[in-house]
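User: Hey, I've just opened this one and don't know my way around yet. Can you walk me through it?

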Amino acid sequence: MMKGKSHNMNTALLLIDIQNDYFPNGRMPLERSIDASLKAQEALHIFRAKQKPAIHIQHISTRPDATYFLPCTKGIEFHANVQPTKNETIIKKHYPNSFKDTNLFNYLTKAKINHLVICGMMTHLCIDATVRAAYDLGFSCTVLHDACATKNLEFHNIAIPAQSVHHAFLAALQPTYGNVLSVKELLQTIGTTITPATA
């Protein structure tokens with residue numbers, strides 16, 4: 001838990017790659033992507049109600065061999081559960097790390113943000129890469145574990161179920177790289193009395 005540190009923190013919500021291709025019928029469906037997006041939606045409602053900034057990260061593949069997040073496809077569009085409003089920032093990226101070759105760092109510095117609440121897709125790749133980069137750049141991070149999703153992996157012919165991948169990567173981030181909380185725990189730490197708006 002934040003232990004009161006959040007009071008002198010300028011916090012922004014970072015929603016990473018919550019895009020159609022990661023959902024059922026997309027080109028790269030993840031385990032529990034719908035559940036995670038609904039939790040991300042709850043977090044988004046909390047931030048909107050408190051008038052804190054929300055930043056939507058959108059991955060667009062530029063590699064010639066890419067099979068998903070292809071430019072000009074429906075797959076790169078934000079999922080209906082977390083559609084940005086007109087006054088929310090959208091940052092496009094081409095790498096797992098949301099800071100690499102983007103203006104995210106400049107945006108956060110100008111806005112005097114020093115604490116990032118991070119959620120989205122995929123726990124083992126873009127979430128992990130972004131949290132570690134944020135930490136290295138001096139940001140304090142909170143990861144919303146129930147608002148992230150990932151997929152089954154394989155190593156040396158050993159199948160690693162998505163839930164094990166998810167838990168292992170979150171366990172590796174905590175406590176050095178970030179606080180790992182549920183959306184409900186976030187609501188308690190923000191110390192808010194607001195009721196999240198219904199979708």
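User: Let me start with a spot I clicked on. Is Cys72 buried or exposed?

Analyst: Cys72 is exposed, because its relative accessible area is 82%, and the cut-off for exposed is over 50%. Keep in mind that this is a predicted model.

User: Where is Cys72 along the chain?

Analyst: Cys72 sits in the loop between β2 (54–59) and β3 (89–93). Its phi is near 60°, which is positive even though the residue is not glycine.

User: What sign does phi usually have, then?

Analyst: For most residues other than glycine, phi is negative.

User: OK, and what about phi of Asn157?

Analyst: That one is positive too, near 65°, and again the residue is not glycine. Asn157 belongs to the loop between β6 (153–155) and β7 (158–160). With a relative accessible area of 74%, Asn157 is exposed.

User: Switching to peptide bonds. Which kind joins Met121 and Met122, cis or trans?

Analyst: Cis, with omega at about -20°. Met122 falls in the loop between β4 (115–121) and α3 (123–136).

User: And the bond from Gln174 to Pro175, cis or trans?

Analyst: Also cis, with omega near 5°. You'll find Pro175 in the loop between α4 (162–173) and β8 (179–181). In general, most peptide bonds are trans.

User: Let's zoom out. How many helices and strands are there?

Analyst: The protein chain has 5 helices and 8 strands. Starting at the N terminus, the order is β-α-β-β-α-β-α-β-β-β-α-β-α.

User: What's the radius of gyration, and what would a compact globule have?

Analyst: The protein chain comes out at 16 Å. A compact globule with 199 residues would be near 16 Å, so the two agree. As for its extent, the C-alpha trace spans about 45 × 35 × 35 Å along its principal axes.

User: How much of the chain is buried?

Analyst: Buried residues are 49% of the 199. On the contact side, take the contacts with a separation of 6 or more: 78% of them are between residues 24 or more positions apart.

User: And the outside? How much area does the chain expose?

Analyst: About 10200 Å², with carbon and sulfur atoms supplying 53% of that.

User: Last one: how many positive and negative charges are there?

Analyst: There are 19 positive and 14 negative charges, and the mean positions of the two sets lie 8 Å apart.

Key: Residues numbered from 1 in each chain as written. Predicted model: local features only at pLDDT ≥ 70, side-chain atom pairs only at ≥ 80, totals over all residues. Heavy atoms only, no water. Helix = DSSP H or I, 4+ residues; strand = E, 2+ residues; numbered from the N terminus. Rg over C-alpha atoms; globule rule 2.2 N^0.38 Å. Buried < 20%, exposed > 50% of the residue type's maximum accessible area, 1.4 Å probe, protein only. Contact = heavy atoms within 4.5 Å. Areas by Shrake-Rupley, 256 points an atom, 1.4 Å probe, with all protein chains shown as cover. Lys, Arg positive; Asp, Glu negative; His and termini not counted. Charge placed at Lys NZ, Arg CZ, Asp CG, Glu CD.
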